[in-house]
Each structure stands twice: as structure tokens, then as C-alpha cells.
Amino acid sequence: MPVRAELFRIVLRHGIEVQNALEPTLEFLHAYPSAVAEDASPTESFGEDDLRRANRGGARISAAEIAAVLELKGEIERWLREISPDASLAGAARSVPWSGLTGTFEAFSGIRGIGLSKVTKTLHPKRPALIPMLDSVVQAYLERDDLGGSEPFAERATALVRSYKGDLDRNRGPLRGLQRELGRCGYRLTEVRILDILIWSVFADRTR
């Protein structure tokens, strides 16, 4: 039975609608198989392997930056323990562990060279249903809700995740449908990751 394209209509910002979001999502996954090649690691532990995984996903964290982050390993793990591995941004706002999320971001603040993109690419596999990858494309997409670099790092990051949740909530039904259909194709992705792929697919060329 053919898939009904209207079931996968995603409404993005700036008046853009993706009528059949399954197509660009599959195109992205076929073009960038490494983007989903590695399993998530939703554990309480944190170490060099997590940073190396982020680099294989394009984070570009230098050896010096890795060393600096690992000095804070204990603090990062303490905050990860505050967040359930099953925590999801797709649930009700009151169910999202905002304080734990902010604390986790705060653990990375002040590290020279470590910004939103590197932090969220590192943390996304640790809590894949909760933390989006806020690379330059997604940051530009969320620009109207960006507190700016002069604000505390953790508060800025959390504000962007809250903003991202608005898009997730608006498209909750279609995203869940996409998640099921992609599962039939052999892809296990969270709603957070699917939305990230769609934003990137539509807006990447506009931010260059």
C-alpha cells in the first residue's frame, strides 16, 4: 500500500512547508550514511569515546579541547545522572528535565573553543530523544530565539532547545509518522534527529 505523502507534511519556520518530508529525510540518510551509522550511547558514563564519536560526526573537537573537556568528566557525568536516558523533548513541557539539561550545558561552559555545535553533537548520542544538534544551520534557523553570545552559555543553549521544542510540538504527529516509516526502512531515529535532518536539508544552502 503506497504511503500517503500528506501524512508527512512538516511545517517549518519562514512559511516553509515540506509536503512529503519522507523524501528529503531518506535522501539525507542515503547521502550521509555516517550520520546514523553509530549507535546512540544513552548512558551515565562520559569519556573520550563520546568526543571521538562527535568528531566522526563532524564536530572537529581538537586534541587540546578533548583534554579540557575530560578534566570535567566527573561533573558531566553527575549531570547526566540527573537526566533519564529516555528523556524526550517530544513529551509535555513539564516532563522535560530542563534543570538537568541546563546543568549539563553549564558543565561545558568556559572551555575555550567549545561552542554550541561541539557540545550538542557530543551530547546528542547520550540523550538522543532530548538534545538536538545545534550546528550553525540549526542555530541560524532558531535565530529569532537566540539570546546571543553575550548571555551565559548554558542559558543560551537551553533557550535554543526550548525554541526547538516549539517546532517539534507543532509537527508532533507527522514526525511520529516519519519515525515509524523510517523504522520500516531500517532507520531508528528520534523525532529530535528527524527534525534536525529536515531543517538541515531545507536550510543548509541558505546559510552558506
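A residue counts as buried when its relative accessible area is under 20%. Keep that cut-off in mind for this predicted model, starting with E65.

**E65 and helix α3**

E65 sits in helix α3. Its relative accessibility is 12%, so E65 counts as buried. Setting aside residues up to four places away in sequence, E65 touches R60, R112, G113, I114 and K118.

E65 has buried company in α3, which spans residues 63-70: I66 and V69 are buried there too. How wide an arc do these residues cover around the axis? They cover only 100°, which puts them on the same side of α3. The general rule behind this is that an α-helix has 3.6 residues a turn, so residues three or four places apart point the same way. On the face turned away from that buried side you'll find A63 and A64, both exposed. As for what the buried residues of α3 pack against, the partners are α2 (48-56), α4 (73-80), α5 (98-108) and α6 (116-123).

**The nonpolar core**

Nonpolar side chains in soluble globular proteins tend to be buried together. Here, the largest nonpolar core has 61 residues, and L12, L89, F105, F108 and L178 are those with the most contacts inside it. Take F105: leaving out residues up to four places away in sequence, its contacts include V119, L123, I131, F153 and V161.

**Q179 in helix α9**

Now for a residue in helix α9, Q179. Is Q179 buried or partly exposed? Its relative accessible area is 26%, so Q179 is partly exposed. Beyond its neighbours within four places in sequence, Q179 is in contact with L189, T190, E191 and I194. Between the C-alpha atoms of Q179 and G166, which are 13 residues apart along the chain, the separation is 18 Å.

Here are E65 and Q179 in one table.

| Residue | Helix | Relative accessibility | Status |
|---|---|---|---|
| E65 | α3 | 12% | buried |
| Q179 | α9 | 26% | partly exposed |

**One cavity**

How many cavities of 30 Å³ or more turn up in a search of the whole structure? The search finds one. The largest cavity holds about 30 Å³ of space, and its lining is made up of A90, L168, D169, R172, L175, R176 and E191. Two elements, α8 (153-170) and α9 (172-184), give two or more residues to that lining. The largest share, three residues, comes from α9. By class, the lining has four charged residues and three nonpolar ones, with no polar residues. E191, one of the lining residues, is also among the contacts of Q179.

Note on methods
Residues numbered from 1 in each chain as written. Predicted model: local features only at pLDDT ≥ 70, side-chain atom pairs only at ≥ 80, totals over all residues. Heavy atoms only, no water. 1 Å grid on protein atoms, 1.4 Å probe; cavity = no way out; pocket = protein on both sides within 12 Å on 5 of 7 lines; lining within 4 Å. Points joined across faces, edges and corners; volume = space filled by probe spheres on them. Helix = DSSP H or I, 4+ residues; strand = E, 2+ residues; numbered from the N terminus. Nonpolar A, V, L, I, M, F, W, Y, C, P; charged D, E, K, R; others polar. Buried < 20%, exposed > 50% of the residue type's maximum accessible area, 1.4 Å probe, protein only. Arc of directions from axis to C-beta. Contact = heavy atoms within 4.5 Å. Core = buried A, V, L, I, M, F, W, Y, C linked by side-chain atoms within 4.5 Å.
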